[in-house]
Amino acid sequence: MKTPSHAKKIRDAVLFREIWKAMKVTFKHMFHRPMTFEYPREKRTIPDAHRGALGLLRYDNGQERCVGCDLCEAACPSRCIKVISEQDKAMPLQRYATEFYIDITKCVFCGYCVEACPVNALAMTKVYEYSTADKRTLLFDKARLYDIGDRYIDDARKYLYAHNQEKNDEESRAYRYHFPQPVGNAESSDA
Ligand code: SF4
Ligand code: SF4
């Protein structure tokens, strides 16, 4: 970069050029519409792809979608999901989650758990107002996750659509999360 000559530096100092430059920016912003939102009275429009609170979803008939497969737990980089499942006694081939916990204090809102779920039982919503002084309330259990899913089902559906989870074409599948190939398989495919 070319450095200003000594004469130019003196000329700029005498003419207060830096101050005029700064004043120009100030004056320009005096005629702009303010961008500040007066939260919580005013709220921004949240986009459909927003990664807010996680919720568990049901089918339209009320049945829980989650089959307790643990794939979300395996995909979570923060290890903040815990799923305990058992066989459904009424339908022996089917499993369901008896307990489901997400420690939101550890969650980095990456959305991998949503992408990993084979039945779209998890989704993110536009809910972001759950700050608290009691950290223990941020361990979301199954009841709370289903409550979020039930109350914000429209947001959850829009999230899944925006993230290609509910589309089923080649292009959307390319964006889906893929589990890393197990080391054993990688070795055998190299051989
Ligand atoms: S959003 Fe990411 S960090 Fe949070 S629970 Fe899901 S996988 Fe884990
Ligand atoms: S939320 Fe989805 S990935 Fe996680 S245990 Fe339930 S069915 Fe499996």
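Okay, before I show you anything: when I say two strands pair, I mean that DSSP finds at least two bridges between them. Keep that in mind, and here's a case of it. V83 stands opposite F100 in strand 3. Strand 2 and strand 3 pair in the antiparallel sense, over seven bridges. And one caution up front: this is a predicted model.

So, the overall layout. The protein chain has eight helices and five strands. Reading from the N terminus, the order goes α-α-β-α-β-β-α-β-β-α-α-α-α. Of the 191 residues in the chain, 20% are buried. Now take the contacts with a separation of 6 or more: 71% of those join residues 24 or more positions apart.

Back to the sheet, then. It's an open sheet of three strands, order 2-3-5, with antiparallel pairing. Strand 2 and strand 5, which is 139-140, are the edge strands, each pairing on one side only. As a quick reminder, strands of a sheet pair through backbone hydrogen bonds, either parallel or antiparallel. Strand 3 and strand 5 are joined over two bridges, again antiparallel. If you want to find them on the screen, D103 has L139 in strand 5 as its bridge partner, and I102 has F140, also in strand 5. What packs on the sheet here, touching strand 3 and strand 5? That's helix 5, and its direction makes about 90° with that of strand 3.

Next, the core. The largest nonpolar core has 28 residues, and the ones that touch the most other members are L56, C72, C113, C117, L122, A123 and L145. Several elements give two or more residues to this core, among them strand 1 (54-56), helix 3 (71-75), helix 4 (112-116) and helix 6 (153-162). Let me stop on C72 for a second. Which residues is C72 in contact with, leaving aside neighbours within four places in sequence? They are I81, V83, C113, A116, C117 and L122. You've met V83 already, as the residue opposite F100.

Now the ligands, since I know somebody will ask. Around ligand 2 there are 14 residues, and C66, C69, L71, C72 and C117 come nearest. So C72 and C117 turn up again, having been on the core list too. By class, that shell has twelve nonpolar residues, one polar and one charged. Ligand 1 is also surrounded by 14 residues, with C76, C107, C110, Y112 and C113 closest. And how does the ligand 1 shell divide by class? Twelve nonpolar, two polar and no charged.

On to the N-terminal end. Helix 1, residues 6-14, has nine residues and the number buried is zero, so this helix lies largely in the open. Right after helix 1 you get F16, with a positive phi near 50°.

While we're on backbone oddities, there are a few more to point at. Y39 and P40 are joined by a cis peptide bond, with omega about 5°. P40 is in the loop between helix 2 (17-30) and strand 1. Then there's R79, in the loop between helix 3 and strand 2. R79 has a positive phi, near 50°, and it is not a glycine. Is R79 buried or exposed? It's exposed, because R79 has 10 other C-beta atoms within 10 Å, and exposed here means 12 or fewer. F109 is another non-glycine with a positive phi, about 55°. You'll find F109 in the loop between strand 3 and helix 4. With 14 C-beta neighbours inside 10 Å, F109 counts as partly exposed.

Last stop, Y161, which lies in helix 6. Y161 has 15 other C-beta atoms within 10 Å, so it comes out as partly exposed. Leaving aside neighbours within four places in sequence, Y161 is in contact with E166 and K167. On the long-range side, look at D48: Y161 and D48 are 113 residues apart along the chain, yet their C-alpha atoms are separated by 8.5 Å.

If you take one residue home, make it C72: among those that touch the most other core members, and among those nearest ligand 2. Okay, that's me done.

Conventions. Residues numbered from 1 in each chain as written. Chains lettered and ligands numbered in written order. Predicted model: local features only at pLDDT ≥ 70, side-chain atom pairs only at ≥ 80, totals over all residues. Near = placed C-beta within 6 Å. Nonpolar A, V, L, I, M, F, W, Y, C, P; charged D, E, K, R; others polar. Core = buried A, V, L, I, M, F, W, Y, C linked by C-beta atoms within 7 Å. Helix = DSSP H or I, 4+ residues; strand = E, 2+ residues; numbered from the N terminus. Contact = placed C-beta atoms within 7 Å. Axes fitted to C-alpha atoms, helices over the stretch in contact; angles between N-to-C directions.
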